Every structure is written in C-alpha cells, then in structure tokens.
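The following exercises concern helix packing, the nonpolar core and selected loop residues. Each task is followed by a worked solution.

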Amino acid sequence: MITLGSSICRSDSHLATEISGEIVLMSVDRGVYCGLNESGGEIWRRIERPIRVEDLCADLARDFDAPAATIAADVLALLARLLEQDLIEVRE
C-alpha cells in the first residue's frame with residue numbers, strides 16, 4: 001500500500017515510450033501495457049529517481065492549479081495502479 005509517507009520510484013523492469021503526447025508503459029515482468037495521459041506522464045517523469053509521495057504531491061501542487069487534497073488523491077490512485085502492474089516500486 002502506498003501512502004503519502006512512502007518513497008517510490010520506477011521499476012527497473014519496464015519499457016516506456018511517448019506516442020502522440022501519451023506515455024505508454026509496459027511491465028516486462030507481467031507483459032501489461034498502461035497508457036498515461038499528460039498529467040500521468042508528468043508524474044512518471046518526476047519519479048525517475050526515488051521520491052516521497054508527499055514531496056511529489058507538493059511539487060505538483062506548485063505547478064498545477066488544483067486543490068492539494070485532489071492532487072494527493074489522484075496521485076495515490078495512479079501510483080496504486082502502477083504498483084499493481086509492477087511499474088513502480090515502494091522503497092520504505
């Protein structure tokens with residue numbers, strides 16, 4: 001389970017490419033594809049190195065005009081989906 005206090009980063013076993021402004025990911029281990037829209041792609045770019053989810057949300061809140069609670073909920077939902085597909089890792 002991912003919380004705001006979790007540290008996360010991309011999994012080593014993934015492939016990623018950008019197609020028409022959308023990032024398409026594939027988990028090498030699971031053979032699962034996932035497409036990210038513009039905001040999801042921005043999150044993906046920011047987790048290249050390990051980062052605390054709380055810091056990621058704070059960075060996004062500075063760059064996007066949305067309530068902090070909405071950003072946190074959306075980020076946690078996306079990260080849970082990416083974790084389920086083995087595209088990210090949680091580093092406690």
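**Exercise 1. Packing of H1 against H3**

H1 and H3 pack at an angle of about 70°, with their axes 11 Å apart. The model is a predicted one, in which local features need pLDDT of at least 70, side-chain atom pairs count only at pLDDT 80 or more, and totals for chains, interfaces and linings use all residues. Residues are numbered from 1 along each chain as its sequence is written, and side-chain values use heavy atoms, with hydrogens and water left out.

Task: classify the angle between H1 and H3, and state which residues meet.

Solution.
1. Helices (H or I, at least four residues) and strands (E, at least two) are DSSP runs, numbered from the N terminus. Axes are lines fitted to C-alpha atoms, for helices over the stretch in contact, and angles run from 0 to 180 degrees between N-to-C directions.
2. Angles under 35 degrees count as roughly parallel, over 145 as roughly antiparallel, 65 to 115 as roughly perpendicular and the rest as oblique. H1 and H3 are therefore roughly perpendicular to each other.
3. With contact defined as heavy atoms within 4.5 Å, Gly-40, Ile-43 and Trp-44 of H1 meet Val-75, Leu-78, Leu-79 and Leu-82 of H3.
4. For the classes, Ala, Val, Leu, Ile, Met, Phe, Trp, Tyr, Cys and Pro count as nonpolar, Asp, Glu, Lys and Arg as charged, and the others, Gly among them, as polar. The contact of H1 with H3 has six nonpolar, one polar and no charged residues.

**Exercise 2. The two crossings of H2**

Task: describe how H2 crosses H3 and how H1 crosses H2, and give the residue classes of the contact of H2 with H3 and of H1 with H2.

Solution.
1. Helix H2 (residues 53-63) and helix H3 (residues 68-84) have axes that come within 10 Å and cross at roughly 130°. That makes H2 oblique to H3.
2. A crossing is left-handed if the near helix is turned anticlockwise from the far one by less than a right angle, and right-handed if clockwise. The crossing of H2 and H3 is right-handed.
3. On the H2 side, Val-53, Leu-56, Cys-57, Leu-60 and Ala-61 meet Ile-71, Ala-72, Val-75, Leu-76 and Leu-79 of H3. The residues of this contact divide into 10 nonpolar, no polar and no charged.
4. The axes of H1 and H2 come within 11 Å, crossing at roughly 130°. H1 is therefore oblique to H2.
5. H1 also passes H2 in a right-handed crossing. Here Glu-42, Ile-43 and Arg-46 of H1 meet Leu-56, Asp-59, Leu-60 and Asp-63 of H2. By class, the contact of H1 with H2 comprises three nonpolar, no polar and four charged residues.

**Exercise 3. The nonpolar core**

Task: determine which elements contribute two or more residues to the largest nonpolar core, and which residues Leu-79 contacts.

Solution.
1. A nonpolar core is a set of buried Ala, Val, Leu, Ile, Met, Phe, Trp, Tyr and Cys residues joined through side-chain atoms within 4.5 Å. Buried means under 20% relative accessible area, exposed over 50%, and partly exposed in between (1.4 Å probe, protein chains only).
2. The largest such core has 22 residues, and Trp-44, Val-75, Leu-79 and Leu-82 have the most contacts inside it.
3. Two or more residues of this core come from each of strand S3 (22-27), strand S4 (32-36), helix H1 (38-46), H2 and H3. H3 gives the largest share, six residues.
4. Leaving aside neighbours within four places in sequence, Leu-79 is in contact with Ile-2, Ile-8, Ile-43, Val-53, Leu-56 and Ile-88.

**Exercise 4. Loop residues**

Task: locate Ser-11, Ser-20 and Asp-86, and decide whether each is buried, partly exposed or exposed.

Solution.
1. Ser-11 is found in the loop between strand S1 (7-10) and strand S2 (14-19). Ser-11 counts as buried, at 6% relative accessibility.
2. Not counting residues up to four places away in sequence, Ser-11 touches Asp-86, Leu-87, Ile-88 and Glu-89. The C-alpha atoms of Ser-11 and Glu-89 are separated by 5.5 Å, although these residues are 78 residues apart along the chain.
3. Asp-86 lies in the loop between H3 and strand S6 (88-90). At 32% relative accessibility, Asp-86 is partly exposed.
4. Ser-20, in the loop between S2 and S3, is exposed, with a relative accessible area of 80%.
5. Most residues other than glycine have a negative phi. Ser-20, however, has a positive phi of about 50°, and phi of Asp-86 is near 60°.
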